[in-house]
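Here's a protein to look at together. Have a glance at the model, and then we'll walk through a few of its features.

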Amino acid sequence: MQFLRRLGCGPVTPVDVPIALLGYGTVGAAVHRLLVETGDDIERLTGRRLRVTRALVRDLAKERGFAPEDGVLTTDAEEILGDGEIALAAELMGGLEPAGSYVLSLLERGVSVVTANKQLVAHRSPELFAAAARGGAQLRFEACVCAAIPVIKVLREALVATHVHRVLGIVNGTTNFVLGEMEAGRTYEEALAEAQRLGYAEADPVDDVSGADAAAKMAILASVAFGARVAPEDVEVEGIEAVRPEHVAAARALEMTVKLVGQATLANGAADVRVGPALVDRHHPLAAVEGAFNAVMLQGDAIREITLSGPGAGGIETASAVVADLVSIVGTSGPGFLQDDPARRSLARADADAIRSPFYVRVDVDDRPGVLARVAGQLAVEGVSVARLVQNQTDAGATLHIVTHEAPVGSVARSVRAIAAMPETLEPPTALRVVSDRGVEELGWT
Ligand code: NAP
Ligand code: HSE
């Protein structure tokens, strides 16, 4: 607060900016390290020395990735919340509470906050932005989405004059890493354990594999891109828990790869936001996104398409975005145009029949005359056209791998329900979106 007041009056003089970190784990320790290692550069740029003076943790005895100075760590939140010298804070704890209460308390008393906590921002941004407005403080959240990739800054600043109507991307590093490792022959369990060891996964990795982490990020991206309030509850979400090695193998045979894909579409004043496993054509830019990397494709009226890609998880990668936000606050103290709450209007949920996609449908059936025709018939009833069909014999019968032409999501869902109810169907069918910008004819599928 004193720091902001000082910035508001008189000439800029070099001054320490005392910073509190709420959380000193994978990201928190990396933020401290970056602030120390780039301190001279930041001071040259801003005339300010950003110093971590307090950091909140649960366990003082735990070994830290970058050791803080003596007396910096505390387990008492009040030592930070009640410290009038703290000028800026970064919330790097995770979880809705107590992180939410701490952030609200700081914003209310005019301390600007940077957070990497996508669940907090996705679930409670109206409340948080209202507190920031009352306190005259800033709330920044670049690190919530795609770690090192500056997609929030691009959407909020660089594309402010563009009507963005579609966001498509890979926004979770852990699941992208796990699916890639499965393709290389590792088991799901081995790959997830490695992602946790590398610091990519959330404290509870169920958030990653269930799609909850990606859903929060897509809700934030859709809110910022569409200038609307999109809550996590508005996102259709499916995780990767049900993806089996045979899905990965089938995708490879079809020259595709399985990815957890997020998609937000704004059409006719309605929004459709979804996250789920999808088959991505090998030639599509998202297919090349490997390991814990992320990529976001932004489509809009004036820009046509912009793709941003880079590291989507990891301590130092995320710290890069946190430090950039801290420096940006120092450079734009006081409420600026970035303080506008993206929650401006409410959008209807789009009807599933208004959204179209090609699909991959896998169904295990009895190998009897007429069964294939009946499966095709259930698709035809809904106007879903088959682009490619592969049949493999199995001990129990036959597995049909069907790639459809683009069709309404609702029609495919109804067809798949009807196929599931056929007496000849042996297992519940799988239906996954196909991500491809190439025509099926070009691939020789007709
Ligand atoms: P982490 O390694 O588990 O660190 C969490 C830190 O917060 C720890 O220092 C922990 O203390 C402290 N903490 C948690 N609950 C607390 C409580 N109730 N009271 C006091 N201290 C508490 O997690 P992380 O990977 O750094 O992630 C932090 C945040 O960044 C999360 O919101 C996450 O979603 C986000 N994020 C992470 C990544 C990534 O790649 N890791 C990327 C982007 C965003 P102890 O150390 O004593 O346990
Ligand atoms: N657990 C998250 C991921 C961290 O794997 O993408 C980055 O937000």
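What follows is a short tour of two ligands, one helix and one surface patch.

Before anything else, keep in mind that this is a predicted model.

**Ligand 1**

Let's start with the company that ligand 1 keeps. There are 25 residues around ligand 1, and the ones that come nearest are Lys62, Arg64, Lys118, Glu202 and Gly314. Arg64 also makes a polar contact: an N or O atom in its side chain sits 2.6 Å from an oxygen atom of the ligand. How much of ligand 1 does the protein bury? Taken alone, ligand 1 exposes 900 Å², and the protein buries 87% of that.

**Ligand 2**

Ligand 2 has its own set of neighbours, including Asn172, Thr174, Tyr200, Ala201, Asp213 and Lys217. Lys118 and Glu202 are also around ligand 2, and you've already met both among the residues that come nearest to ligand 1. On its own, ligand 2 has 260 Å² of accessible area, and the protein covers 94% of it.

Here are the polar contacts of the two ligands, so you can find them in the model.

| Ligand atom | Protein partner | Distance |
|---|---|---|
| Oxygen of ligand 1 | Arg58, polar backbone atom | 2.9 Å |
| Oxygen of ligand 1 | Asp59, polar backbone atom | 2.9 Å |
| Oxygen of ligand 1 | Arg64, side-chain N or O atom | 2.6 Å |
| Oxygen of ligand 2 | Gly173, polar backbone atom | 2.7 Å |
| Nitrogen of ligand 2 | Glu202, polar side-chain atom | 2.7 Å |
| Nitrogen of ligand 2 | Asp208, polar side-chain atom | 2.7 Å |

**Helix α14**

Now move along to helix α14, which covers residues 371-381. Which residues of this helix are buried? They are Val371, Val375, Gln378 and Leu379. If you look down the axis of α14, these buried residues fall within an arc of 100°, so they line one face of the helix. The spacing helps here: an α-helix has 3.6 residues a turn, so residues three or four places apart point the same way. The face of α14 turned away from the buried side carries Ala373 and Val381, which are exposed.

**A nonpolar patch**

Our last stop is on the surface. Leu372, Val386 and Leu389 make a nonpolar patch there of about 210 Å². Leu389 belongs to strand β16, residues 386-393. Why can Leu389 be part of a surface patch? Patch residues need over 30% relative accessible area, and Leu389 qualifies on that count because it is partly exposed, with a value of 39%.

Terms used
Residues are numbered from 1 along each chain as its sequence is written. Chains are lettered from A and ligands numbered from 1 in the order in which they are written. This is a predicted model: local features need pLDDT of at least 70, side-chain atom pairs count only at pLDDT 80 or more; totals for chains, interfaces and linings use all residues. Side-chain values use heavy atoms; hydrogens and water are left out. Patches are made of residues with over 30% relative accessible area and no salt bridge: like charges are joined within 9 Å, nonpolar side chains (Val, Leu, Ile, Met, Phe, Trp, Tyr) within 5 Å. Accessible areas come from the Shrake-Rupley method with a 1.4 Å probe; for residues, only the protein chains shown count as cover. A salt bridge is a side-chain nitrogen of Lys or Arg within 4 Å of a carboxyl oxygen of Asp or Glu. Helices (H or I, at least four residues) and strands (E, at least two) are DSSP runs, numbered from the N terminus. Buried means under 20% relative accessible area, exposed over 50%, partly exposed in between (1.4 Å probe, protein chains only). A residue is near a molecule or strand if one of its heavy atoms lies within 4 Å of it. A polar contact is a pair of N or O atoms within 3.5 Å; within protein, one must be able to donate a hydrogen and the other to accept it, and residues adjacent in sequence count only if both atoms are side-chain atoms. The arc is that of the directions from the helix axis to the C-beta atoms.
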